[in-house]
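Me: Please take a close look at the interior of this model. I should like to know which parts meet there and how charged and nonpolar side chains are arranged.

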Amino acid sequence: MLVADISDQLGNQMFAYAAVKTIAQKKGYEFRFIRAHNTRINSSDPKYGSELHTIFPQTSSELLDELPPLPNTWNESITPSSSQIYTEEATEVPDNTYMKGHFISCLYFMDNLDQVRKWFAFSPDILEACQSRLKRVQEAYPGRQPVAVHFRVGDDYLKQGFLLHESYWFHAAEYMIQKYGKEHLLFLPFYDHRPSSGGLVNRFMQRYPCENIRGTLVEDMCTLTLVRNLIVCNSSFSAMAGILNHMPGKQVLRPSVYPSGTQYQPADCFPGTWTVIPARQNRFSFLYCGFMKTKGRLLKVLRSAFPCKRS
């Protein structure tokens with residue numbers, strides 16, 4: 001049995017599940033997963049929640065309440081010098097291994113994509129609602145090519161050093177305009193944060209023809225899989241949506257970098273067939289992340305030098 005350690009938000013959960021379950025199948029092992037402690041939830045669907053096993057109930061039978069005694073543990077080890085997330089070592093583990101990591105590389109399961117799409121099949125009510133919403137948009141804007149655009153601009157991305165410079169989304173939009181013509185496009189923005197005024201999402205929507213059909217967490221991912229033209233960002237959520245998308249002739253645009261607090265850029269998160277758009281890290285996000293790391297190290301030193309006395 002391989003047991004995957006599922007952590008963080010939906011996109012990360014799906015990558016780890018797909019990667020480790022694919023490895024288990026190829027090795028002829030059983031597969032289960034356990035939910036790690038999670039403190040990063042941006043959005044939750046009112047009906048399906050924010051967990052992989054509630055959003056895709058076909059996976060719920062594989063969820064363990066607690067980790068069984070296993071003789072082996074494999075820990076993903078990614079550093080700024082790593083060339084990619086994927087490692088052959090992860091695919092060669094023995095049976096009865098606890099698999100700890102994010103596994104945010106499509107290379108683990110791209111040759112098993114038909115199965116992965118079945119694992120992550122959306123419920124009929126979600127699928128029907130999203131298809132109906134897209135149909136209404138196409139009827140309201142006949143002759144226009146819908147382009148789904150995913151933004152990750154929330155405070156968590158800012159503080160962790162993940163935030164991209166806003167020029168990426170404008171470069172991607174201009175690429176689509178050069179290909180189709182502005183009068184033939186309609187951008188559909190999906191985002192984690194949009195202030196009442198100002199901000200990247202509002203500036204984008206003011207500059208380009210847009211229609212906001214954003215829904216719940218699950219509806220948004222499902223809709224991203226149904227639009228032929230898709231602009232993803234450095235987000236496992238939209239990357240997985242682009243992978244699950246099987247629209248004929250689809251075109252997916254992705255950023256050239258995937259910044260993090262360690263400056264590591266896992267390019268193998270994205271399939272090699274996707275179109276690369278120039279991108280760079282938001283400078284303020286880089287500085288903020290650096291400041292928080294320095295603050296953390298300083299607090300650690302102070303606590304070591306001046307330990308608190310317990311009564």
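Reply:
**Starting from one charged pair**

R133 and E219 are both buried, where buried means under 20% relative accessible area, exposed over 50%, and partly exposed in between (1.4 Å probe, protein chains only). Their side chains meet in a salt bridge, with 3.5 Å from N to O; the term stands for a side-chain nitrogen of Lys or Arg within 4 Å of a carboxyl oxygen of Asp or Glu. R133 belongs to helix α4 (residues 124-140) and E219 to helix α8, so this pair ties together parts that are 86 residues apart in sequence. Helices (H or I, at least four residues) and strands (E, at least two) are DSSP runs, numbered from the N terminus.

The model is predicted: local features need pLDDT of at least 70 and side-chain atom pairs count only at pLDDT 80 or more, while totals for chains, interfaces and linings use all residues. Residues are numbered from 1 along each chain as its sequence is written, and side-chain values use heavy atoms, with hydrogens and water left out.

Helix α8 (217-224) also leads to the next part, because it is one of the elements against which the buried residues of α9 pack. The others are α1, α3, β6 (145-151) and β8 (229-231). How enclosed is helix α9 (residues 236-244)? Nine of its nine residues are buried, so the helix is largely enclosed by the rest of the structure. These residues are S236, F237, S238, A239, M240, A241, G242, I243 and L244. At the start of α9, a side-chain oxygen of S235 comes to within 3.1 Å of the backbone nitrogen of F237. This is a polar contact, that is, a pair of N or O atoms within 3.5 Å; within protein, one must be able to donate a hydrogen and the other to accept it, and residues adjacent in sequence count only if both atoms are side-chain atoms.

M240 shows what such a position looks like for one residue of helix α9. Its relative accessible area is 0%, so M240 is buried. Not counting residues up to four places away in sequence, M240 touches M14, F15, F109, F120 and M221, where contact means heavy atoms within 4.5 Å. The C-alpha atoms of M240 and L10 are separated by 9.6 Å, although the two residues stand 230 residues apart along the chain.

Several of these names return in the nonpolar interior. The largest nonpolar core has 66 residues, and those with the most contacts inside it are M14, M99, F103, F109 and F120. Such a core is a set of buried Ala, Val, Leu, Ile, Met, Phe, Trp, Tyr and Cys residues joined through side-chain atoms within 4.5 Å. Helix α1 (residues 10-27) gives the most to this core, with ten residues. In soluble globular proteins, nonpolar side chains tend to be buried together. M99 is in contact with L2, V3, A4, D5, V20, I23, W74, A90 and V93, leaving aside its neighbours within four places in sequence. Another core lies apart from the largest one; this second core has 30 residues, among them Y168, L185, F204 and M205. F204 and M205 are also among the buried residues of helix α7 (residues 200-207), together with L200, V201 and N202. The cover over the buried residues of α7 includes β6, α6 (167-180) and β7 (185-191).

F103 deserves a separate remark. This residue is found in the loop between β5 and α3 (113-119), and its relative accessibility of 0% makes F103 count as buried. F103 has a positive phi of about 55° although it is not a glycine.

What else ties helix α1 to the loop between β5 and α3? K26 forms a salt bridge with D111, their closest N and O atoms being 2.7 Å apart. K26 lies in helix α1 and D111 in that loop, so the pair joins parts that are 85 residues apart in sequence. Here both K26 and D111 are exposed, whereas R133 and E219 are both buried.

A further pair, D220 and R214, meets in a salt bridge of 4.0 Å from N to O. D220 counts as buried, at 7% relative accessibility, while R214 is partly exposed, at 36%. Salt bridges that share partners also join R152, D156 and D192 into one network. The structure holds ten salt bridges.
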